[in-house]
Amino acid sequence: QGVGDDEHGWAVDGQNAACWHAGVDRPCGMVWPSKRKTKGAMRELTEEILVGICVDLQKKEIWFSTNGTWEARPAFGPD
């Protein structure tokens, strides 16, 4: 299992523009530039990415940022 695969984990995957929690993925606005170096190989990031995480315990929200730019809405919330 990986990060975001159970009820105790949350994850962001900018290569696939997905956020994960409890084994369920949902679309997110983060997109990280990547490419395959050779056919059939895993994609690799084409630039360094700095991922930020903000947890608002009062609102029960989790936010992600890419290179200092925060998403317009939380990736996870009480919904």
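Here is a short chat on reading confidence, a sheet, two of its residues and a pocket in a predicted model.

Visitor: Before I look at any detail, what is the mean pLDDT of the protein?

Guide: Start there, yes, since pLDDT is the predictor's confidence in each residue. Here the mean is 90, and 99% of the residues reach 70 or more.

Visitor: And where is confidence lowest, and where highest?

Guide: Strand S4 (residues 34-36) has the lowest, at a mean of 85, while S6 has the highest, at 96.

Visitor: Let's stay with S6, then. What is the strand order in its sheet?

Guide: The general idea is that strands of a sheet pair through backbone hydrogen bonds, either parallel or antiparallel. In this model, you'll find an open sheet of three strands in the order S6-S7-S8, and the pairing is antiparallel.

Visitor: Which strands stand at the edges?

Guide: Strand S6 (51-56) and strand S8 (69-70) do; each has a single partner strand, so one side of each has no neighbour in the sheet.

Visitor: How many bridges pair S6 and S7?

Guide: Six, with S7 covering residues 61-66. For one you can pick out on screen, go to Gly52: its bridge partner in S7 is Ser65.

Visitor: Is Ser65 buried or exposed?

Guide: The cut-off for buried is under 20% relative accessible area. Ser65 comes out at 3%, so it is buried. Leaving aside residues up to four places away in sequence, Ser65 touches Met30, Leu50, Val51, Gly52 and Trp70.

Visitor: Trp70 sits in which strand, and how accessible is Trp70?

Guide: Trp70 belongs to strand S8. Values between 20% and 50% count as partly exposed, so Trp70, at 44% relative accessibility, falls in that class.

Visitor: What does Trp70 touch?

Guide: With residues up to four places away in sequence again left out, Trp70 touches Gly52, Ile53, Cys54, Trp63, Phe64 and Ser65. You can also compare sequence and space: Trp70 and Val51 are 19 residues apart in sequence, and their C-alpha atoms are 9.5 Å apart.

Visitor: On to pockets. What volume does the largest pocket have, and which residues lie nearest its centre?

Guide: The volume of the largest pocket is about 240 Å³. Its lining has 14 residues, and Pro27, Arg73, Pro74, Ala75 and Phe76 lie nearest the centre.

Visitor: How many nonpolar, polar and charged residues are in that lining?

Guide: Sorted by class, the lining of the largest pocket holds eight nonpolar, two polar and four charged residues.

Notes. Residues numbered from 1 in each chain as written. Predicted model: local features only at pLDDT ≥ 70, side-chain atom pairs only at ≥ 80, totals over all residues. Heavy atoms only, no water. 1 Å grid on protein atoms, 1.4 Å probe; cavity = no way out; pocket = protein on both sides within 12 Å on 5 of 7 lines; lining within 4 Å. Points joined across faces, edges and corners; volume = space filled by probe spheres on them. Nonpolar A, V, L, I, M, F, W, Y, C, P; charged D, E, K, R; others polar. Pairing = 2+ DSSP bridges. Helix = DSSP H or I, 4+ residues; strand = E, 2+ residues; numbered from the N terminus. Buried < 20%, exposed > 50% of the residue type's maximum accessible area, 1.4 Å probe, protein only. Contact = heavy atoms within 4.5 Å. pLDDT = per-residue confidence, 0-100.
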